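The following exercises practise the reading of a protein model. Each task is followed by a solution that goes step by step.

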Amino acid sequence: MNKWLSRWILFLVVVTIVTVLSIKQMIIKLDPETITYISNNRNLTPEDIIHVKPLTNRGNTIQHSVAGFKLSTAEINLSQSLENAKCKPNIYIAFLKVHKTGSSTIMNMLYRFAERLNLNLVLPNSTGGNFNYLGYGTTLNSLQLVPIPVGEKYNILCNHVVYDKLALRAVMPTETLYIGILRDPVANFMSAFSYYGGGRFMQSKVPGKSLSEFDLMRIFLENPRKYNSSGITYYVHNKMSFDFGLNRGDFDKDIAITQFISDLDKDFTLIIILEYLDESLILLKRLLCWEMHDILYLPTNVRFSPISQQFNTEELTKSSIENLEKYNKADFMLYAFFKQRLLSQLNDLNYDFKSEVRQFQIIQTKLADFCRGIPRMGKILTVAASKWHGSFNVTRETCITMMRDELDLVREKILLAMDKYMNWLRTKNKS
């Protein structure tokens, strides 16, 4: 008996050592130079990624490497022909709506797509409290969703929720594509600090002084961990990583962050990068087999200016940014990896991608001009066909929908989904 017990203990020890060594080999070593290059160069082009290790194709997967950290993601056919008759719009989409990343704009886009095809949205079963959340600071609970008729499937999930692979897959069909969004960690922090009242909080810490919000932000960044017990840290401390499912206790653990990013790389087919929004949307269009009019947008839920930061990130001192990198280590690592992955995907395309992006941007300019001030009833913007899309019209109603207040839109969708289910129940009970 003791002999078998000794062998069993020895086996467990060997397995544990091998596992630890394997995980250690996966640790991301993002040195300051790499972080600075990837995270702070907003004009980085696909050609510039030669600075970091490029991706290589291996069978049906794409291998990515960031400073020696190799990950893989599912095969993506982003260069498929626009005229491919077999290409059908993907109607099963889970979009992780991340705080202060421009995600409300993508959510509006997905709501419009769902309405056009009469698809089922994953929605909370209440219009009270934080009703726009599928999980406030937590993951999905299937018992708190608006149910759908028996025999139907949920099509699109895009409200706020903390990502949990098992929880979301318990609700979404197996063919669902998972998409997320990230933003430069410096800009994300600054936007969240302003939006969630960081200035008011810090003003209470320096009584007798009247300081600008930007100066109060810099004081916070002198020693951000000093305020860990305050409410503001919930919104500014690795919030993007938290939304993607990283436990707060793992914010400073290299091995945990490494495994976290590795898992996300396998789970998410596309991570939109806000600083490359137009390029990301063209990839999204091809990935989902959408039309050009499906990805049109007007910025929503943005303070003071469209999809830009209220503050200039260049105004932060070097020491402030260094302190932020340490404080939000997980967010910086997460963003650096997925920014490089996106650029690698762009660089790997085998068609004139830049021309399609330019065409999209031309349409976006026309859309902004047309929708400014809400066009009069009956006025239509006709977009002529090009090699990238067919002809389509933009109406006054399109502009209004794009500019709808997010909370009003969510409330409306919840009530409509409830009505649909109740009507189905009444019909079922009569039969």
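**Exercise 1. A sheet**

How many bridges join strand β4 to strand β6, and do the two strands run parallel or antiparallel?

*Solution.* The model is predicted: local features need pLDDT of at least 70, side-chain atom pairs count only at pLDDT 80 or more, and totals for chains, interfaces and linings use all residues. Residues are numbered from 1 along each chain as its sequence is written, and side-chain values use heavy atoms, with hydrogens and water left out.

Step 1. Strands (E, at least two residues) and helices (H or I, at least four) are DSSP runs, numbered from the N terminus. Strand β4 covers residues 93–95 and strand β6 covers residues 177–182.

Step 2. Two strands pair if DSSP finds at least two bridges between them. Here β4 and β6 are joined by 3 bridges and run parallel. F95 has I179 in β6 as its bridge partner.

Step 3. Both strands belong to an open sheet of 4 strands, in the order β5-β4-β6-β7, with parallel pairing. At the edges are β5 (156–157) and β7 (270–273), each of which pairs on one side only. Helix α13 packs on this sheet and touches β6 and β7. The direction of α13 makes about 100° with that of β7, where axes are lines fitted to C-alpha atoms, for helices over the stretch in contact, and angles run from 0 to 180 degrees between N-to-C directions.

**Exercise 2. The nonpolar cores**

Determine which residues have the most contacts inside the largest nonpolar core.

*Solution.* Step 1. A nonpolar core is a set of buried Ala, Val, Leu, Ile, Met, Phe, Trp, Tyr and Cys residues joined through side-chain atoms within 4.5 Å. Buried means under 20% relative accessible area, exposed over 50%, and partly exposed in between (1.4 Å probe, protein chains only). By this rule, 50% of the 431 residues of the protein count as buried.

Step 2. The largest core has 96 residues, and L140 and F244 have the most contacts inside it. Helix α13 (residues 329–347) supplies the largest share of this core, 9 residues.

Step 3. A contact means heavy atoms within 4.5 Å. Not counting residues up to four places away in sequence, F244 touches several residues, among them L96, V98, I181, F260 and L334.

Step 4. A second, separate core has 21 residues and includes F189, F193, L221 and F332.

**Exercise 3. Helix α5**

Is helix α5 mostly covered or mostly uncovered?

*Solution.* Step 1. Helix α5 spans residues 185–195, and 10 of its 11 residues are buried, which makes the helix mostly covered. Among the buried residues are P185, N188, F189 and F193.

Step 2. The buried residues of α5 pack against other helices, including α6 (198–203), α7 (213–222), α12 (318–327) and α13.

Step 3. At the N-terminal end, D184 caps α5: a side-chain oxygen lies 2.8 Å from the backbone nitrogen of V186. Just after α5, G197 takes a positive phi of about 80°.

**Exercise 4. Three residues compared**

State where T101, T395 and R404 are placed, and why each counts as buried or partly exposed.

*Solution.* Step 1. T101 lies in the loop between β4 and α3 (103–116). T101 counts as buried because its relative accessible area is 0%. A polar atom of its side chain lies 2.7 Å from the backbone oxygen of V98. Leaving aside neighbours within four places in sequence, the contacts of T101 include I181, N188 and M240.

Step 2. T395 is in strand β9 (residues 392–395). T395 counts as partly exposed because its relative accessibility is 24%. Its contacts, leaving aside neighbours within four places in sequence, are F370, K379 and I380. T395 and F370 are 25 residues apart in sequence and 9.1 Å apart in space, C-alpha to C-alpha. Strand β9 pairs with β8 in the antiparallel sense over 4 bridges. In β8 (residues 380–383), L381 and V383 form the covered face, while I380 and T382 form the uncovered one.

Step 3. R404 sits in the loop between α15 (396–402) and α16 (406–430). R404 counts as partly exposed because its relative accessibility is 25%. The side chains of R404 and E412 are joined by a polar contact of 3.3 Å (a pair of N or O atoms within 3.5 Å; within protein, one must be able to donate a hydrogen and the other to accept it, and residues adjacent in sequence count only if both atoms are side-chain atoms).
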